[in-house]
Amino acid sequence: MSRHRLWLIVIILLTLFSAWVALPETTGIQLDTDGDDVADVGFDVSLSLGLDLVGGLRVLLEAELPPGSYTIEDLRQTANNVGRRINALGLSEPTVQVQGGSRILVELPGETDREAAINTIQQTAQLEFVDFAGLAGRRTEFDDQQILTTQQVLINQQREVPNVGLTNPFTGQPFQTVMTGAGLQSAAAAFEPGAGWIIQFQLTPEGGQVFGPYTAANVGQPMAIVLDGMVVSAPTINARLDTGGIIEGGFTEQEARLLALQLRSGALPIPLSVESVESVGATLGQESVNLSVRAGVIGVIVVLLFMGIYYRVPGIAADLALVVFILLNIAVFKLIPVTLTLPAITGFLIGIGTAVDGNILIFERIKEELRSGKPLTEALDSGFERAWQSIRDSNTSTIIICAILFFFGQTPGASIVAGFAVTLAIGLVLNLFTAVIVTRTLLSLFVEVLHKPLTQRAWLLGA
């Protein structure tokens, strides 16, 4: 089997997969491998639309700590944690930007539940494992109660707010914090028969160094698990825990999943207050979106007709390669996923233009080789090889520009530039595959099958 036929098989399989992913009905693959009617293997795919296309929420957050008590790096880390929380909730790709020295702007495309979004963003999720030694007969008195811990005293001093909460009834002092959530490596919700929904957690090596000796010395004693000052559970320590354990608290599934999400996303280094919440409508509107899609479809059809009419057989190969290019792009957008805003769609359309431009460059090179008297097969190989260097260099230089645009797109107010840069860069990378591999494979097979008529009728090659 020739090299071109092997490439053809790869191209067909890749095209079929991309076409399946690109279908609007395709949301992913979920498989049940253990027969419990719960999907435990698979992946999700979705097409994320930006705030300008679907509307959503814009939330402005303000740091609660006084200026000078934290650094700009602390604010950036807080913004990163906020972004991880929103992504883990399954929302559309958010925009999270630091603004100035004390604010964070969050944009949530497609989100309509204000309360749920704000609670997830703002919640500090300060987890503490607190010493309840000596309270074996009284620990239930503290369930769902706000208590005061040594860790909270430190936080309240930073915030310059008074200490509020129950103290240790034996000493009158705050309860001793054994370890905070910083000692956690991971947390996940799970259902355990007989116990209901629990949170399984793993410790970092540093957390294990603290937690292991404490649990070993307090076997049989209760230990409170406290979230944001509220006692959620006070289980008895049954063994030494060096690597992890479980949190029980009579959770519902939703409570367990949300708590696990907040814990693994990390406590926010800086507590946040909501400065403003704004519902944003789709600025383009559905009719404008439909018109934009229609214009794009018409533009692609015109390009396909031009390539087929002007370049004939090579143009047909280019048209097929362009269809593969479009399907690959849409599949990548859904698999990553890439948030499609109007500038991002513009980048995609420009990518289609570069794909066509690469094919035109190749075909003109082939025509030059034919005019110089080279045989068809040799002219074909030589044309692709000579054009490849130009395509490679031009695409690489534009990808570098896309990287620069993406970098500057991370600054406040310039996020739409990043979307444009991402989709254009994806198109340029895929163009290196479709313009050279796909077009060359198809055109080589056409020449192999139609060698005699192509040799005798130069107009079939657009010459």
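Strand β10, which covers residues 196-203, has six of its eight residues buried, so the strand is largely enclosed by the rest of the structure. This description, like everything that follows, refers to a predicted model. On one side of the pairing pattern, β10 is joined by eight bridges to strand β9 (residues 184-192), and the two run antiparallel. Within that pair Glu-192 stands opposite Gly-196 in β10, and the two strands form a hairpin with three residues between them, where Gly-194 in the turn has a positive phi of about 90°. β10 also pairs with strand β13 (residues 244-251), again in the antiparallel sense, over five bridges, and here Phe-201 stands opposite Gly-245 in β13.

A further group of strands forms an open sheet of four, in the order β5-β6-β4-β14, with antiparallel pairing. Strands β5 (95-99) and β14 (272-280) stand at the edges and have a single partner strand each, so one side of each is left without a neighbour in the sheet. Averaged over this sheet, and with direction ignored, neighbouring strands are turned by 15° against each other. The partner of β14 is β4 (residues 56-63), to which it is joined by eight bridges in an antiparallel arrangement, and Leu-57 stands opposite Ser-279 in β14. As general background, strands of a sheet pair through backbone hydrogen bonds, in either the parallel or the antiparallel sense.

The helical elements come to the fore in the largest nonpolar core, which has 38 residues and in which Phe-363 and Leu-443 touch the most other members. The elements that give two or more residues to this core are α8 (285-335), α9 (342-371), α10 (376-408) and α11 (415-449), and the largest share, 13 residues, comes from α8. In soluble globular proteins, nonpolar side chains tend to be buried together.

Nonpolar side chains also appear at the surface, where Phe-17, Trp-20, Leu-23, Ile-29 and Leu-335 form a patch with about 400 Å² of accessible area together. Of these residues, Leu-23 lies in the loop between α1 (3-22) and β1 (28-31), and Leu-23 is partly exposed, with a relative accessible area of 41%.

The charged side chains contribute 14 salt bridges to the structure, and three of the individual pairs are set out below.

| Salt bridge | N to O distance |
|---|---|
| Asp-242 and Arg-240 | 2.9 Å |
| Glu-364 and Lys-367 | 3.4 Å |
| Glu-369 and Lys-374 | 2.8 Å |

These pairs can also be described by the accessibility of their residues. In the first row of the table, Asp-242 is partly exposed at a relative accessible area of 36%, and Arg-240 is likewise partly exposed, at 46%. Glu-364 and Lys-367 both lie in helix α9, three residues apart, which is about one turn of the helix; here Glu-364 counts as partly exposed at 26% relative accessibility, whereas Lys-367 counts as buried at 5%. For the remaining pair, Glu-369 is buried with a relative accessible area of 3%, while Lys-374 counts as partly exposed at 30% relative accessibility. Beyond these individual pairs, Arg-58, Glu-107 and Glu-278 are linked in a network of salt bridges.

Conventions. Residues numbered from 1 in each chain as written. Predicted model: local features only at pLDDT ≥ 70, side-chain atom pairs only at ≥ 80, totals over all residues. Heavy atoms only, no water. Pairing = 2+ DSSP bridges. Axes fitted to C-alpha atoms, helices over the stretch in contact; angles between N-to-C directions. Patch = residues over 30% accessible without salt bridge, like charges linked within 9 Å, V, L, I, M, F, W, Y side chains within 5 Å. Areas by Shrake-Rupley, 256 points an atom, 1.4 Å probe, with all protein chains shown as cover. Salt bridge = Lys/Arg side-chain N within 4 Å of Asp/Glu carboxyl O. Buried < 20%, exposed > 50% of the residue type's maximum accessible area, 1.4 Å probe, protein only. Core = buried A, V, L, I, M, F, W, Y, C linked by side-chain atoms within 4.5 Å.
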